[in-house]
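Biologist: I have the model open and would like to go through it with you. Could you begin with the pocket?

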Amino acid sequence: MTVQPRPRVRFAPSPTGFLHVGGLRTALYNYLFARKEGGTFVLRIEDTDRSRYVEGAVENLIEALGWSGLDYDEGPGKGGECGPYIQSERLEIYRKYVGELLEKNQAYHCFCTPERLEEMRKQQEKMRIAPKYDRHCLQIPTEEAARWLADGAPSVVRMKIPESTTIAISDIIRGEVEFQSDRVDDQVLLKSDGYPTYHLANVVDDRLMGITHVIRGEEWLSSTPKHVLLYRYFGWEVPRFAHLPLLLNADRSKLSKRQGDVAVEDYRAAGYLPEALVNFVALLGWNPGDDREIFTLEELVREFSLE
């Protein structure tokens with residue numbers, strides 16, 4: 001009999017400010033799934049977008065999770081066998097895997113200037129074409145690209161998307177979802193500053209940290225075909241995906257700070273108990289199948305299901 005490994009899930013916020021209630025719900029659902037299934041809940045800080053980094057945000061995130069009662073098993077301040085758990089401390093790892101993709105012709109250097117990319121997008125808008133990189137640099141001969149790199153020409157590394165391919169995804173919440181590769185952009189994987197984009201770092205870290213289930217917001221669903229392709233390029237098993245519905249304002253727009261309190265800190269400052277906020281957030285997208293409305297965290301663990 002085959003013994004299934006215990007699940008490993010992660011909450012991977014970016015340190016760009018206070019913990020949003022949507023982020024708290026994502027963290028909560030990962031926590032509940034891990035605790036119910038006897039698995040591991042990992043906290044990973046995705047801080048590779050240095051332009052949006054906010055000083056003190058990591059400490060705030062950790063404090064907000066602790067106040068909410070969501071104790072993680074591995075992560076900053078706790079360690080674990082898969083660290084470091086802060087992406088800016090893992091840059092050499094990402095560069096290694098980018099090198100593998102370049103060697104296998106599954107990625108390529110792009111030397112396009114911001115001005116050229118902006119002009120390309122303007123032309124696409126005029127023609128009412130969905131914005132997408134035109135693969136200009138894919139046509140550059142290897143020897144010429146090598147010379148430019150040797151001369152110090154700034155570049156990014158883009159993922160090479162296969163043509164005319166159907167990319168199928170099995171989502172725990174949404175079922176089977178298919179994407180046509182011709183509509184998927186050649187995503188930047190490594191920026192000119194040497195930092196990876198979310199897409200590369202996310203996939204590499206999920207693999208190296210043994211993540212079995214990726215539970216995240218539905219805004220990442222459109223990026224999932226790129227992630228699935230990266231798993232295939234590296235020859236890795238694809239984790240199970242579960243994309244949670246967005247939290248919306250009363251006018252059906254995405255919940256944002258412009259329309260009221262949305263940070264955990266706001267509710268905490270207003271005097272709400274952590275048990276009340278967690279109970280409220282748990283029911284934003286999930287219910288036990290009856291009319292119960294009040295749960296302890298332990299009861300949520302027993303009742304919770306993604307399906």
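Modeller: Certainly. This is a predicted model. A total of 42 residues line its largest pocket, and Pro13, Ser14, Thr16, Glu219 and Trp220 are the ones nearest the centre.

Biologist: How much space lies in the largest pocket?

Modeller: The largest pocket holds about 1200 Å³ of space.

Biologist: Which helices and strands each supply at least two residues of the lining?

Modeller: Two strands and two helices do: strand S1 (8–11), strand S8 (213–217), helix H1 (21–36) and helix H6 (198–208).

Biologist: And which gives the most to the lining?

Modeller: Helix H1 does, with four residues.

Biologist: How do the residues of the lining divide into nonpolar, polar and charged?

Modeller: The lining of the largest pocket has 18 nonpolar, 13 polar and 11 charged residues.

Biologist: Let us turn to the cysteines. How many disulfides does the structure hold?

Modeller: It holds zero disulfides.

Biologist: What is the closest cysteine sulfur to that of Cys137, and why is there no bond?

Modeller: The closest one belongs to Cys112, at 3.6 Å from the sulfur of Cys137. A disulfide requires the two sulfur atoms to be within 2.5 Å, so this pair is too far apart for a bond.

Biologist: Is Cys137 buried or exposed?

Modeller: Cys137 is buried, since its relative accessible area is 5% and buried means under 20%. Cys82 also counts as buried, at 19% relative accessibility.

Biologist: Now the backbone. Which peptide bond is cis, for instance?

Modeller: The one from Gly83 to Pro84 is cis, and its omega is near 0°. Pro84 sits in the loop that runs between helix H2 (57–68) and helix H3 (91–103).

Biologist: What about phi at Asn105?

Modeller: Asn105 is not a glycine, yet its phi is positive, at about 60°. This residue belongs to the loop between H3 and strand S3 (107–110).

Biologist: How would you class Asn105 by relative accessible area?

Modeller: Asn105 is partly exposed, because its relative accessible area is 47%, which falls between the cut-offs of 20% and 50%.

Biologist: And Ser164: what is its phi, and where does the residue lie?

Modeller: Ser164, likewise a residue other than glycine, has a positive phi near 50°. Ser164 is found in the loop between strand S4 (156–159) and strand S5 (166–171).

Biologist: Buried or exposed, in the case of Ser164?

Modeller: Ser164 counts as exposed, because its relative accessibility is 63% and exposed means over 50%.

Methods:
Residues are numbered from 1 along each chain as its sequence is written. This is a predicted model: local features need pLDDT of at least 70, side-chain atom pairs count only at pLDDT 80 or more; totals for chains, interfaces and linings use all residues. Side-chain values use heavy atoms; hydrogens and water are left out. Buried means under 20% relative accessible area, exposed over 50%, partly exposed in between (1.4 Å probe, protein chains only). On a 1 Å grid over the protein atoms alone, a cavity is a set of points where a 1.4 Å probe fits but cannot get out, and a pocket is an open set with protein on both sides within 12 Å along at least five of seven lines; lining residues have an atom within 4 Å of a point. Grid points are joined across faces, edges and corners, and a volume is the space filled by probe spheres set on the points. Ala, Val, Leu, Ile, Met, Phe, Trp, Tyr, Cys and Pro count as nonpolar, Asp, Glu, Lys and Arg as charged, and the others, Gly among them, as polar.
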